[in-house]
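Here is a short tour of a protein model, meant to be read with the coordinates open beside you. Shall we start with the charged side chains and then work through the cores, the sheet and the helices?

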Amino acid sequence: MSKRPELLITSGPMSGTRFEVGPGGVRLGRSSSNDVSIPDEELSRNHCLFEQSGESGIRVTDLASANGTFVNGEQLGSDSRGLKVGDSIEVGSTAISVIGEDAPLASRPAGVKVAATIDLGLGSAPAATPQGEVASRKPSKAQGGRQRTMIANVLWIVAALTVAAAIAVVLCAPRESEKPIAPVVEEKPEQKLVSLRYEKVEADASRVFSYRMEIDESGVLRVAFDDVPGENRHVDKKAKLSDKAKKRILEILEKPGFAALEDEYVGSSVEDENALKSFRIRVVRWNSVKDVLVENTQEPDAFREVRDSLEAFSRNELGIWAIQYSKEKLIELSDESAKVGDSKWDDREVEYGNLSAAVKAYKDALFYLETINPKPDGYAEIKEKLARTEEELKQRYEDQRFLADKAMNLGDWEAAQNELKILCELVPDRDDPRHAEANARLVDVENRMKKARGGK
């Protein structure tokens, strides 16, 4: 079995550093938490990952870096790239070469012993003597023909060795950027998710359905899918995840059995050779990459559980759960919501909250039709009804707010209390800023009324 290649930094802040790729891989980047930390401003905090490949190979994976990872001048995408001796990797302003065990000694970093002659300033050094020969030295006439005594020679050698040792200590002391690299162990490193990508493709001669879910390093979730021609439905949505949602993603990825899955499960379609059913989940953590492909074969249970959970998670976070219904079912749901909106509009004078209920119903009706193309008959009419209802609600809120302000300015706290209660009923949604404002003023008025009664 041949020796696994090593990596040598040939240019950049740590030029000359040589390192091996062990079983746990080597993570490289600007952050001090990396196995190889390089003070290069063009590097991302966690830039790339080197891993062992097979019995004697290595590979590199870009960790969603800002400036990319290049192998022989070609930028890596989301896939890993196998490396061989002679390949050149560029990250930021740092260049790295893949070298074999027979790499020249001169390429090794500081600290590797290389023969050298040090001039101590005590006169010309004697010429090197070939191994096996005995050097002879005759005193010159310029030196008075006197040979050094044995004591003088010993003192000269001791002095020379002392000065040489002092110089060696200074020259060989590692600079800040050349200090031995030691991995920094963080608490629960498996919790550091860098990125996640889940892809699903189902295709045959008549239809292509593709689904893509991504979470980037900044915690932004994006889902895009296309059904062509099929029902000709297209969605592309994204949102920033909360800390609670990020924790949920980590829980999904920790499902039993997922970490032990192999890299590929690939078969062939028996029914249709042109058919494709492919699933892929790629998880990049701070110190590892898990990439599993399942194509035209039965899914392992652990894989299916994770991808089903990921799809459910994205539907809930982005409000796109309607994609699980057919076009006909979505149109039916839209029609039902539009009828509720019409009913609430007609009864808008009966209860203060009916206008808000009508707005919500019309919004639901449009939501059901969001992924359907072309839009069915009645879509434009629902949009017009929604705009009309929102304008009516806005006008009523402003009129009612005027009455509440007037009562408060006059110090008529009972009247102000009644007007503010009506405001809260007009907009009952507690997440609506208008409701929050009206409710805060109502609390203030009721506190004034309690103080006034207590003072009597």
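## A network of charged side chains

A network of salt bridges links Lys200, Glu299, Arg307, Asp308, Glu311 and Arg315. Please keep in mind that this is a predicted model. Within the network, the side chains of Arg307 and Glu311 meet in a salt bridge, 3.2 Å from N to O. Both residues belong to helix α3, where they sit four residues apart, or about one turn of the helix. Are these two partners buried or exposed? Arg307 has a relative accessibility of 10% and therefore counts as buried, the limit being under 20%. Glu311 is buried as well, at 10% relative accessibility.

The count of salt bridges comes to 31. Three of them are set out below, with the distance between nitrogen and oxygen.

| Salt bridge | N to O distance |
|---|---|
| Glu51 and Arg59 | 3.4 Å |
| Arg280 and Asp79 | 3.1 Å |
| Arg307 and Glu311 | 3.2 Å |

The Arg280 and Asp79 pair, with its closest N and O atoms 3.1 Å apart, deserves a look along the chain. What does this pair tie together? Arg280 lies in strand β17, while Asp79 lies in the loop between β8 and β9 (81–83), so the salt bridge ties together parts that are 201 residues apart in sequence. Arg280 is partly exposed at 25% relative accessibility, and Asp79 is partly exposed at 38%.

In the Glu51 and Arg59 salt bridge, Glu51 counts as buried, with 13% relative accessibility. Its partner Arg59 is partly exposed, with a relative accessible area of 26%.

## Two nonpolar cores

Now to the nonpolar side chains. The largest nonpolar core has 29 residues, and the members touching the most others are Leu196, Met213, Ile281 and Leu310. Which elements each supply at least two residues of this core? They are the strands β12 (193–203), β13 (208–215), β14 (220–228), β17 (276–285) and β18 (289–295), together with the helices α2 (243–253) and α3 (301–318). Helix α3 gives the largest share, six residues.

Leu196 is a handy place to centre your view. Leaving aside neighbours within four places in sequence, Leu196 is in contact with Met213, Glu214, Ile215, Ile249, Leu253, Ile281, Arg282, Val283 and Leu310. A second, separate core is made of 25 residues, among them Leu355, Tyr362, Cys424 and Ala438.

## An open sheet

Six strands form an open antiparallel sheet, and their order is β2-β1-β11-β10-β7-β8. At its edges are β2 (18–19) and β8 (74–75), each of which pairs on one side only. Inside that order, strand β7 (residues 69–71) runs antiparallel to strand β10 (residues 88–91), and three bridges join the two. Val71 has Ile89 as its bridge partner in β10.

## Two helices

Helix α6 covers residues 379–409. How far apart are its end C-alpha atoms? They are 45 Å apart, which agrees with the 45 Å that its 31 residues should span at 1.5 Å a residue. The buried residues in α6 are Ile382, Lys385, Leu386, Thr389, Leu393, Arg396, Tyr397, Gln400, Ala404, Ala407 and Met408. After α6 comes Gly411, with a positive phi near 75 degrees.

Helix α7 (residues 413–426) has 14 residues, and from its first C-alpha to its last it reaches 20 Å, close to the 20 Å expected at 1.5 Å a residue. Its buried residues are Ala416, Gln417, Glu419, Leu420, Ile422, Leu423, Cys424 and Leu426. Cys424 also appears in the second core.

## Two backbone details

Most residues other than glycine have a negative phi. Which residues here have a positive phi although they are not glycine? Two examples are Ala64, at about 55 degrees, and Asn72, at about 55 degrees. Ala64 is found in the loop between β6 (57–62) and β7, and its relative accessibility of 42% makes it partly exposed. Asn72 is in the loop between β7 and β8, where it counts as partly exposed at 48% relative accessibility.

Conventions:
Residues numbered from 1 in each chain as written. Predicted model: local features only at pLDDT ≥ 70, side-chain atom pairs only at ≥ 80, totals over all residues. Heavy atoms only, no water. Core = buried A, V, L, I, M, F, W, Y, C linked by side-chain atoms within 4.5 Å. Buried < 20%, exposed > 50% of the residue type's maximum accessible area, 1.4 Å probe, protein only. Contact = heavy atoms within 4.5 Å. Pairing = 2+ DSSP bridges. Salt bridge = Lys/Arg side-chain N within 4 Å of Asp/Glu carboxyl O. Expected span 1.5 Å × (residues − 1).
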